[in-house]
Amino acid sequence: MPRPIPPFTEEHEEFRLSVRRFVQRELYPHASEWEEARWFPNEVFERLAELGYLGLKFPPEYGGDGDVVADAVLIEELAWCGSGGLAAGIGAHIGIALPPIWRFGTEEQKLRYLVPGIKGEKIAALAITEPDAGSDVASIRTHAEGAEGGYVVNGSKTFITGGVRADAIVTAVKTSDEGGHHGLSFLIIDRGPGVESSSLEKLGWHASDTAHITFDDVFVPAENLLGQENQGFYLIMANFQWERLLMALGAVGAMKVAFEKTLKYSLEREAFGRPIGKHQAIRHKLAEIATTVEAGRDMTYHALRVYLAGQDAVRDVTMAKLLTQRSAFEVIDTCLQIHGGNGYMTAYEIERAARDARLGPIGGGTNEIMSEILGRSLGL
Amino acid sequence: MTTTAADVTKPDFQGHRKHFIFTDEHQQLRESIRRFVIKELQPHSEEWEQQTFPNWVFQRMGELGFLGLDKPEEYGGQGGDYYSSLVLSEEIVHAHCGGLAMGLAVHTDMAMPPILAFGTEDQKQEWVVPAIKGEKILCLGITEPDAGSDVAGIKTRAVKDGNEYVINGSKTFITNGHRADVIVLVTKTDSDAGYDGFTLFLVPMDLPGVIREKKLEKLGMHASDTALLAFQDVRVPDTAVLGQVGKGFYHIMWELQGERMIGAAGCVAGAQHVFDRTLEYAKERTAFGRSIGHFQVIRHKFAEMATKIETARQMVYTTAWRFQNGEYPVREISMAKLYAARIAVEVADECIQIHGGNGYMKEYGVERVWRDMRLNRIGAGTDEIMLDVIGRSYGL
């Protein structure tokens, strides 16, 4: 076994192999079917819960393991399922929607949402983006009006991963008319009267249910306020770091899978009397890919280490996200090229990987937003 | 425990992030090297660009113990780990003199390691001990006028004659070639033995028949002296053989790993240095009513550059960590070298662009960085050779 790169230990590397085996045996065989169905069954969550995979980073008192690094392993290895949408559907629940409940929630909220979430019995989604507010989070319009015992919510959210199936929607709302970031709050909205979800058709991520959600006079009890009123911006800020790290880890995994697959193909496929990989142009393409994967991995693991050390990791995470999302799309496109006509065919699954990777430079903050954050971090 | 807004980690872009390979001692070393470089070397950089840097730099750095940071104490070194050598290569950029950095690296990280690794005790006493003191200067001879990337194609011959070898041939692009006291020379001793027909020699540069033919004019790295050398019937005793007869090719392939590693580290440092200077410029220079760095297009250029530099740095550190732990990570070294060399050139070019017309002028020193950095995609193995090494490591 190669020397594990910190923060991973030998135990984590063993865990990595067992996660990979599980993903290859139990998820990968169904990926095509689920892609076609535009849906993966909820049993996936139940099975993951059974294996303890949904609670890896959460504290034992809520049913978790308290090992953030193991969670990073899981996220990277999920790439072997061959479906970005499936990996995203799982990641959205455990990596994006549950963490703010864990970090900012009251004890009672954790018992109601985190515990069943870790058991795979209650699925959560995080809803920030709106039809008219993407990168510019401050322009959110979904509104929560104070009412007797709680709030009444009106508005709509879009591009919400897991948003069709989610039982609980952690939703960013305006609770004050004050401009900018200051009037934002988060509410945990249970599925119920006035909450409507519809599925969106997309370029890739077909196995994931990506929703447009409307809230029509939805009553939300006061105890479902997550964190402090009007302090929602900090929740977003805190959450983004982990979300972007997950995306970076996922991209590293996806690049690795595509590389290994393409390497194998290029040693088997012959042209002009030898394996195509033995032609220098292809050899160099694969060498470029391998270098890009290594670069993405080294940068991502660094960001992960800074994050785990409890230091501010904004700059490192932002760099890792920017680098890996762009790299993954480029790398997988080159893998598609090396596959030639076969690469264009659905059967080889590389076109799916390319479509899936295209989301990376948009989701979780666009490349342009990443550059904006980094530029500002330099005082520009 | 519930987190509140007040507990959320706030951005701290000035915060110091210590990489796991470094200790506080490395940090102290870093500071002391930097102080020395800024105080004693940097003031001369313009002059040295014109005339190449003087030999007293070696003596002074030897005196301070900077030439043997990671070398064994028994030969006068500091006995530090590999990371301390990395620190030197990162801090020497503050001299703002690429040729100087290269001349030193050839001495400490290219010519010296094979003597330590393969040399006899006598050879180490004769060359390494004074080299660490800065009293003797080393160089390394691999490339020839007709053999660059294709190392196996070299023609310099060493023919056994009794207890001696007679060497004939020529070497080119030899850094320190004019000032060096000794050269680690790659020769062919058996032209029928393929890769097993090469032998290294330690050839004193004052022997009869060693001819320093000319100083080569270059695009950049002006502070370094680069030589074309000729060897005409140079006689050396067989005690001049470095390592095993017939194993020279493998010895030099080993040497190249350290050369590429330190080269990659130098690229990251060079890129960071020109980035920092350009960032300062972008904050001061105004256009259309504000500092140019506050235009989104320029801001994003910096974001892109910072990401590239940090990525290259992480590749170098992770690979250095493998290196220090006794691995022989040829693949990862090749990747780090390829990536770092490319981004250093890209960053330097982008920094010229941000400087506009000033960037094209010598005065601002940015065009020099590009000229210096441009070598890295060629020296120590071209980009194309790196790709070939990486590709072949996967069985391609």
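Tutor: Domain bounds here come from an automatic or database domain assignment. In this predicted model, that assignment splits chain B into domain 1 (24-136), domain 2 (140-246) and domain 3 (250-393).

Student: What makes residues of domain 1 of chain B and domain 3 of chain B count as a contact?

Tutor: Two residues are in contact if their C-beta atoms, placed from the backbone, lie within 7 Å. The contact takes in 17 residues from domain 1 of chain B and 15 residues from domain 3 of chain B. On the domain 1 side, helix 5 of chain B gives the largest share, eight residues.

Student: How do you know which classes make up that side of domain 1 of chain B?

Tutor: Leu counts as nonpolar, Lys as charged and Gly as polar, for instance. Sorted by class, the side touching domain 3 of chain B has 10 nonpolar, four polar and three charged residues.

Student: Why are the buried residues of helix 1 of chain B said to be on the same side?

Tutor: The buried ones are B:Leu29, B:Ile33, B:Val37 and B:Leu41. They cover an arc of only 65° around the axis, so they sit on the same side of helix 1 of chain B. They pack against helix 3 (56-63), helix 4 and helix 5 of chain B.

Student: What is exposed on the other side of helix 1 of chain B?

Tutor: B:Asp24, B:Gln28, B:Glu31, B:Arg35 and B:Lys39. Exposed means 12 or fewer other C-beta atoms within 10 Å of a residue's own.

Student: And how do you know what span to expect for helix 1 of chain B?

Tutor: Take 1.5 Å times one less than the number of residues. With 18 residues, 26 Å is expected, and the helix reaches 25 Å from its first C-alpha to its last, which is close.

How values were computed: Residues are numbered from 1 along each chain as its sequence is written. Chains are lettered from A and ligands numbered from 1 in the order in which they are written. This is a predicted model: local features need pLDDT of at least 70, side-chain atom pairs count only at pLDDT 80 or more; totals for chains, interfaces and linings use all residues. Helices (H or I, at least four residues) and strands (E, at least two) are DSSP runs, numbered from the N terminus. A residue is buried if 20 or more other C-beta atoms lie within 10 Å of its own, exposed if 12 or fewer, and partly exposed in between; C-beta atoms are placed from the backbone. The arc is that of the directions from the helix axis to the C-beta atoms.
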